[in-house]
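Colleague: Could you take a close look at the side-chain contacts in this one for me, and tell me where the partners sit? I'd like the long version, please.

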Amino acid sequence: MPYVSIFIWITAGLVILFLMDLYQLGGRFETDADLDASATSNIISRQEFSRNVIITHLDFDGLTCGALLLRHLGMDSNVVFTSAGFLHRAINRVMTVMTRGDTLTIADLALPSEYELDTNEMLSKLIEKGVTIIWYDHHQWPAGLKERIGGKIHRLEIDTTVRTAAEIIRKDMDNNDAQADRLMRFVQRGSLPNDKEWDRLWRLMLTEVVNQRDHDLAKTVLKTWAEDAPLNPALLHLARKAKKRERITETAASYLHPKFQTQKNRSFIIVDTRPKRKVKDTRGRTIYIITLQQPTIMVGSLACRKHHADFCLIIWDDFRYSLYQGLDRSVDFSVFFPQLQLDTYTFSIAGHGYAASVRVKPSLMQRLKAFFCWSVPEAAMELSETLVKTL
C-alpha cells in the first residue's frame with residue numbers, strides 16, 4: 001500500500017506539472033492565438049477601423065513608439081502588438097480591412113530574412129490597394145534586405161546607431177510636443193526630477209503590461225500614457241501588482257546562478273527564470289521552484305550587479321532566452337546574428353549588440369525531454385559553451 005500511495009502522489013505531481021507546462025506554453029512563444037486575440041480586439045470591421053494602423057513591439061521601446069505614433073497620427077489609430085517572428089502574420093491580418101488612403105506604420109520590428117517572400121507579397125498587395133507603408137526600426141537587418149524592402153514601400157527609416165526606435169519617430173513629430181519629450185526621457189532613463197514619481201509609476205505599470213502580454217490591456221494603458229490622462233483604479237491596481245513582481249525579480253536575481261569565465265576573461269551568469277526550475281538560494285542550498293509568477297526583464301541587470309558578471313544569459317522557458325550586457329558594456333552579441341548552428345540545436349538570435357533574443361526550434365522529443373528537466377536546459381548549456389569560446 002505505501003508503494004501505491006507514493007505512485008499516486010508521483011502521478012498527481014506529474015499531472016500538475018504537465019498542466020502548468022501547458023498553461024505556460026502561451027507565454028513561452030507568441031502563438032497564432034496571441035495574434036488572433038490581438039487582431040480581433042483591434043480589428044473587428046471596416047466601420048470600426050481607423051485610417052491609421054500601428055504595428056509595434058510589446059516592450060518599453062515598442063510601447064514608447066506606439067505612444068509617440070498615437071500622438072503623431074491620432075489617438076484613434078489602431079495599435080497591434082507582435083514580435084519580429086510573427087510580424088508577417090500581423091500584416092496579413094490587418095491587410096484584409098485596409099483600403100486606399102490608409103497608412104500602415106511599423107515600428108521597432110526588424111524583418112527576419114526567412115519571411116521576406118511572404119512579407120514582400122503582402123506589402124505589394126497593400127501598395128496596390130493604395131495603402132501608405134512607413135517603417136521605423138533600429139535593429140540590424142540581414143545584408144541586402146533593407147535595400148529590397150526599402151525600394152518597395154513608401155518610407156523605411158532604419159538607424160542602428162540609436163538605442164531606441166522611438167528616437168527615429170520623434171524626429172518626425174512636432175518639436176513643441178512636451179509629452180513626446182517626456183516619453184522620450186522616460187525610455188532613455190533620463191526623466192526630470194519633478195517627473196520622478198510619474199516615471200516610477202509608469203515604469204511599474206508598463207513592466208506589468210509587458211509581462212502579462214495582454215494586448216487589450218496594453219492598448220488601454222498605451223492610450224492613457226500617450227494622452228497623459230488621469231489614472232483609473234484599474235491602472236493603479238496594475239501598479240500594485242507590478243510592485244509584487246518587482247519583489248519577485250529581486251529575489252530571483254539574488255539566487256546563486258551558475259557562473260562561467262570566457263576565454264577573453266569575461267564572466268557571465270545563467271539566470272534561470274522558468275516556472276519550473278532548480279536553483280541555489282543565497283546560502284547555497286538547492287531549492288525546487290514551481291510558480292506562475294516570473295520576474296521582469298530587469299532580473300538580468302540586477303543579477304549582473306549582485307554577482308559582478310559582465311553579461312548574462314536569461315532563460316525564460318526551455319527554448320526562449322535573452323542575452324544582456326552586464327558590467328562590461330563592450331560585449332557584442334551581434335557576432336551570433338542571425339543564426340547559430342551548433343551540434344544539437346539551431347539558435348535564431350536577433351536584436352542588438354548589447355541585448356539579443358534567442359529562440360530555439362526544438363523537436364518533439366526535445367520538448368518532451370525538457371519537460372522533465374529542472375536543471376539548466378540542455379540547449380542553454382550548449383549555447384553557453386559557445387559563449388565561453390567566443391566572448
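Modeller: Trp-135 and Trp-141 are both buried, going by this predicted model. Across the whole structure, a search turns up eleven aromatic pairs. In the pair made by Trp-135 and Trp-141, the ring centres are 5.2 Å apart and the planes meet at 65 degrees, so this one goes down as edge-to-face. Phe-268 and Phe-311 give you a stacked pair, because their planes are at 10 degrees, with the centres 4.8 Å apart. Phe-268 belongs to strand E7 (residues 267-272) and Phe-311 to strand E10 (residues 311-317), so the stack ties together parts that are 43 residues apart in sequence. Both of these Phe residues are buried as well. There's also an aromatic cluster to look at, formed by Phe-60, Phe-186, Trp-198, Trp-202 and Trp-225.

Now for the charged side chains. Side chains of opposite charge can pair when their charged atoms come close. Here the search of the whole structure finds 20 salt bridges. Take Asp-195 and Arg-182: they form a salt bridge whose closest N and O atoms are 2.9 Å apart. Asp-195 sits in the loop between helix H8 (178-187) and helix H9 (196-212), while Arg-182 is in helix H8 itself, so the bridge ties together parts that are 13 residues apart in sequence. Is Asp-195 buried or exposed? With a relative accessible area of 7%, Asp-195 is buried. Arg-182 is buried too, at 15% relative accessible area. The two don't act as an isolated couple, either: a network of salt bridges links Arg-182, Arg-185, Asp-195 and Asp-228.

Then look at what goes on between helices H9 and H11. Glu-246 makes a salt bridge with Arg-200, with 2.8 Å between the closest N and O atoms. This one links distant parts of the chain, as Glu-246 is in helix H11 (residues 233-254) and Arg-200 in helix H9, 46 residues apart. Glu-246 counts as partly exposed because its relative accessibility is 27%, and Arg-200, at 39%, is partly exposed as well. Glu-208 and Arg-245 form a salt bridge too, and its closest N and O atoms are 2.8 Å apart. Glu-208 is in helix H9 and Arg-245 in helix H11, so this bridge ties together parts that are 37 residues apart in sequence. Unlike the partly exposed Glu-246 and Arg-200, both Glu-208 and Arg-245 are buried.

On to the loops on either side of helix H9. Arg-189 is in the loop between H8 and H9, and its phi is near 55 degrees, a positive value in a residue that isn't glycine. Arg-189 counts as exposed, because its relative accessibility is 54%. Arg-213 is in the loop between H9 and helix H10 (215-227), and it also has a positive phi near 55 degrees, again in a residue other than glycine. At 33% relative accessible area, Arg-213 is partly exposed.

Arg-189 comes up again at the surface, where it gathers with Arg-163, Arg-305, Lys-306 and Arg-329 in a patch of positive charge. Lys-306 from that patch is in helix H12 (residues 299-307), and it counts as partly exposed because its relative accessibility is 43%. The surface has a nonpolar patch too: Leu-364, Met-365 and Leu-368 form it, with about 350 Å² of accessible area together. Met-365 has its place in helix H13 (residues 364-371) and, at 61% relative accessibility, counts as exposed.

A couple of backbone notes to finish. Phe-337 and Pro-338 are joined by a cis peptide bond, with omega about -10 degrees; Pro-338 is in the loop between strand E11 (320-325) and strand E12 (339-341). Thr-390 is in helix H14 (residues 378-390) and counts as partly exposed, since its relative accessibility is 28%. The C-alpha atoms of Thr-390 and Phe-333 are 9.7 Å apart in space, with their positions 57 residues apart in sequence.

Methods
Residues numbered from 1 in each chain as written. Predicted model: local features only at pLDDT ≥ 70, side-chain atom pairs only at ≥ 80, totals over all residues. Heavy atoms only, no water. Patch = residues over 30% accessible without salt bridge, like charges linked within 9 Å, V, L, I, M, F, W, Y side chains within 5 Å. Areas by Shrake-Rupley, 256 points an atom, 1.4 Å probe, with all protein chains shown as cover. Salt bridge = Lys/Arg side-chain N within 4 Å of Asp/Glu carboxyl O. Lys, Arg positive; Asp, Glu negative; His and termini not counted. Charge placed at Lys NZ, Arg CZ, Asp CG, Glu CD. Helix = DSSP H or I, 4+ residues; strand = E, 2+ residues; numbered from the N terminus. Buried < 20%, exposed > 50% of the residue type's maximum accessible area, 1.4 Å probe, protein only. Phe/Tyr/Trp six-rings, centres within 6.5 Å; stacked < 30°, edge-to-face > 60°.
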